[in-house]
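Work through the exercises below with the structure at hand. Each task is followed by its solution in steps.

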Amino acid sequence: MTKPSDFPPPFRAADYVAAPTTPDDELIRVGVLIVGAGPAGLACAIRLGQLLEDAPDVRERLGDVPVAVLEKGRSPGSHLLSGAVVNPRALRRLFKGRKTMDELPFTSRVDHEAVYMLTPKRAIRLPTPPTMRNDGNYVASLSQLGRWLAEEAEQGGAMILPETPATKLLVDGGRVVGVRTGDKGRGRDGSELGNFEPGADVAARVTVLAEGTQGHLTGVALERFGLHGEHPQVWALGVKEVWKVATPLDRVIHTMGWPLRAGAKYREFGGSFVYPMGDDLVTLGMVVGLDYRDVELSVHDLLQELKTHPLIRKILEGGERIAWGAKTIPEGGFVALPRRMHAPGLLLCGDGAGFVNVPALKGIHYAIETGSLAAEAAFSALGRGETSWRPGALESYDAAVRKSFVWKDLKEVRNMRQAFGRGFWVGGAMAGAMSATKGHFPHGDKATERDVDQELVRTDRAASYPAPDGTLTFDKLSSVFLSGNRTRDDEPSHILLHREVPPEVAELWARMCPAQVYEVADDGVAVTPSNCVQCGAITAKGGRLTPPEGGSGPEYTLT
Amino acid sequence: MKIAVCIKQVPEGAKRIDPATRRLDRSGEGALNSFDANAVEEALRLKDAAGEGEVAVVSLGPAKAQDALRKALAMGADRALLVCDEGAAGSDLLATSAVLARALEREDAALVLFGQQSGDGDGAVLAAAVADRLHRPMVSQAAEVTRSDDKLRVKRQTEFGYDVIEVPLPAVVAVSDAINEPRYPSLKGIMGAKSKPQDVVSLADLGVDAGQAGEEGSHTEVLALRDPPARGDSRKLEDDGTAAAQVVDFLVEKRLL
Amino acid sequence: MLVFLEHHGDQLLRGPLGVLSKAAALDGDVAGVVVGTGVRALAEEAGRHGASRVYVADDTPLQAPLPQPRVDVLAQIVRDGGVDAVLFGNSVLAADVAAGLAARLDAGLNWDLVDIARDGGRLVGIRAALQDSVYVEVGWTSEPQLALFRSGAFDPVETGGFAEVVDVPVSLEAFSTEAQMLEQAHEEAEGPSIEEADIVVSGGRGLGGPENFVLVEGLAKALGGAVGATRAVVDAGWYPYSAQVGQTGKTVSPRLYVACGISGAIQHKVGMQSAGVIVAINKDPNAPIFEFADLGVVGDVHQVVPKLTELIEQRKQSGDGG
């Protein structure tokens, strides 16, 4: 049977590594360069601001722009999406002595929670698994949190540069010396349009990659510096909506079971979440591992189907959909972490490096913590006479991460996700055992299979997707519209893909993509790149996402 | 030659009217009005062609209109002026043009440029009102502008095609989006924008009387909001060979034929 | 009430004539104003459409259709007394005149109006906002009340009246005559631009291939309209980007929009949803466009469109309409 990995995309990491070409005196220089204005990157920028506040001599030496944060979206928050229930631990540490909890932009505290096993008509309440306890945590919109963190970072002295993707890693003599930013104003065929503006080389003393899931340069760096972990990374795709509701929801809800199928041959791992955001908003989403096999599976349509369940329908009754979005989540956990999180001049943090606790559905506080630790390691390499390229200069980052709660948490739950490769029931039993023994049983690390190596099967799954009614259920195109995506139509395609593929692979991609980028065509697959919301699913399942022109893509505000 | 460009920050994404204030909800993200980007671009081109001069961008708005001003500075404008005053909130065309005219008198530019219209009001009227207050000649819908000494030759786009109009400086010109493709700011430009001069002034600084601005200075008002009328019954028919004839009848009925 | 009338050649334009008819229906005593050279003869047509009086400003400096001299003329008429409102039908010229006049007289101007009514003593305008998704009732807090109506908001109605002609002595500000018309535009040879067109006929993927765009062009020509295209077909190279209607293309609001082989995805809808009348032809009965089309035809565009073009040509030839 066909596998997507039979048709690899025309991607070579080496194409995205280059030596700087700008003459020295024209080069843009910054002190610490952070790629990505998400929770990891902004926490790094905020922590650096705090450290530099007390070290004016170091700050002086970093020049006009001590800390710069590059963001490919239109503004910080535009490309941020999550559930989210946030563990405030890392934020507390970051803002210790400077802010109180109620100054943080959370929408509400988690007071009640429930976990349900769904069947097509019923919802069976289950005891909350220990890994999913959420007391003391807060519901938040990650996009809003990002916007807030960006303001804090700017107040701390960081320069945030939106609409600026980092497309190449600048490496000189085996050391990361900065990044090259993306061109603007190219036509579909790559030609330079009238207002063409080439990207620029940005040199930095330390480069921190905080690009989030499927980070472009993170992937390039893992290749270039041989940093891959012992097991390959795997991902899940989450598609979510935000609704204005008539009746406030009083609890944080997680579900498993329907509409996913338990049989091992389908490999459908995941579930849904429904969170209240204050009294008048509810956010809900469907998250499914991309190791699924069925050609007809569509996470967006599963979300639409989920909404027809009596439990969910009731929550949304009288309401109105006001936001939609999609993003992947790294799910490999501990065994998929890079074997080293730094290289000369380079640090990796957040989702990009894979710091996500799948059984607890948490990654934001790890992003903030690792971003903060990266700042501390970078700072230590900025002292007089120091460079970040001296062997061992950034070693303190790895050491700090290994000593942190991030490492401890992830180690404890390692293998849980991989266990579910054996099907829901076996996986559930194994996960239970792992929880009970805090990760000591079963022994040995389970092998992780790549998403792209899964053999495809075909069932009649699409037959039960609801036809969009425009009130409760919606089609993909109107959802892409709601995400605020207004990408220029004649941009060059940013998706690397093998075009001549058999129909089942084309259909796999067409259904997989929540934004209707792919379509089955006569000779393989057709691509409409301007629909892309940069979720990253294609990279997990046979293609390669690279950053398009800066400012393109969704403009999330509530996700 | 000094060129002043009037710009506006408009709400981004889906726009909505706040039923409480009956005004456009400007609380979300904003962006430089796309037609104003054309105006900034044209100013920069005229400056480049002349090999000298200064481009100042002027805006009347709340504090966050600085974002739009900074975008213009990143593109290459030299200076920014923001007129920011609570008393100017809720200004209609009359009040807005009064405040802007005063700010522009202070700037004393040889050429004042506007974008043809704004994405949030679509009026295509501001330039003419300001020009009258400044007692300056005005051309709108400019699809091409060329300068020779103290005169401008403007191609104006109308319903009937293109007029060619000559106007001496000082003048006011509103540019259409057909005039150029605005440049993307370079990274250096974006980073350098912060350190370019940016002034913020109040109505008092401009010598504008409170009664001339804001709701007091406006002579129009919003009375109520309504749902638009329903489109009416929509008809659907299957073609059995006569569909074309039925469409003709329909068009005649609607007085479109 | 005073209505600003425009002309092209020796005919009054439909739009402002429609405004005149509306004003006459609202208010018995309505005056029109014509400005230009050799325009006295236009007063008769104004009278037939409801003007009881027509102010004529006829002088050489007024020959070119430039706005600022017209502001001077109108300001003078208003200052001479008896005008509580000045109404305009939208055009490039009218918008500039209305705005300049507002500044000159310190008067309120409401624009993009689709209707107007009298509520007691005052006028209330209806403005279509946010791509016609909401209607706003607007008013004036001083006189004169300036109103700029959307192009084609009202149809001209002949009431067969007779207007008294009043010649207005012309006195222009120095700055009003500084702009000089070097070359004046004539009627566009290739048909209206898509944004200005009263009628737009668009083609989408349902056409099947670029070679079938001739069907769309044929219908557009027969109707005297412009040709539009969806993002999908522009992407595929079937038609140029300048014709693209939609979220990332142009927004149009013609009186008639004919969608041929277009599914009606929201990215396209937002570019044309405020069209007066929408006719859709598509062979898929479930296409979203049928939800907001005024007349939907479930059929084959390759059959229906050429037939429709033929019938319209026949009507034109036999002089039945058009």
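**Exercise 1: a helix residue**

B:V252 lies in helix α7 (residues 243-253) of chain B, helices being DSSP runs (H or I, at least four residues) and strands likewise (E, at least two), numbered from the N terminus. This is a predicted model: local features need pLDDT of at least 70 and side-chain atom pairs 80 or more, while totals for chains, interfaces and linings use all residues. Residues are numbered from 1 along each chain as its sequence is written, and chains are lettered from A and ligands numbered from 1 in the order in which they are written.

Task: classify the exposure of B:V252.

Solution. Step 1: a residue is buried with 20 or more other C-beta atoms within 10 Å of its own, exposed with 12 or fewer, and partly exposed in between; C-beta atoms are placed from the backbone. Step 2: B:V252 has 13 such atoms within 10 Å, so B:V252 is partly exposed.

**Exercise 2: a sheet**

Task: find which strands stand at the edges of the open sheet of ten strands, and why one side of each is left without a neighbour.

Solution. Step 1: the order is β13(B)-β7(B)-β6(B)-β1(B)-β8(B)-β12(B)-β9(B)-β10(B)-β11(B)-β12(C), with mixed pairing; two strands pair if DSSP finds at least two bridges between them. Step 2: β13 (198-201) of chain B and β12 (180-183) of chain C are at the edges, and each has a single partner strand, so one side of each lacks a neighbour in the sheet.

Task: describe the pairing of β1 and β6 of chain B.

Solution. Step 1: β1 (residues 2-6) and β6 (residues 54-60) of chain B are parallel, over five bridges. Step 2: B:K2 has B:E54 in β6(B) as its bridge partner.
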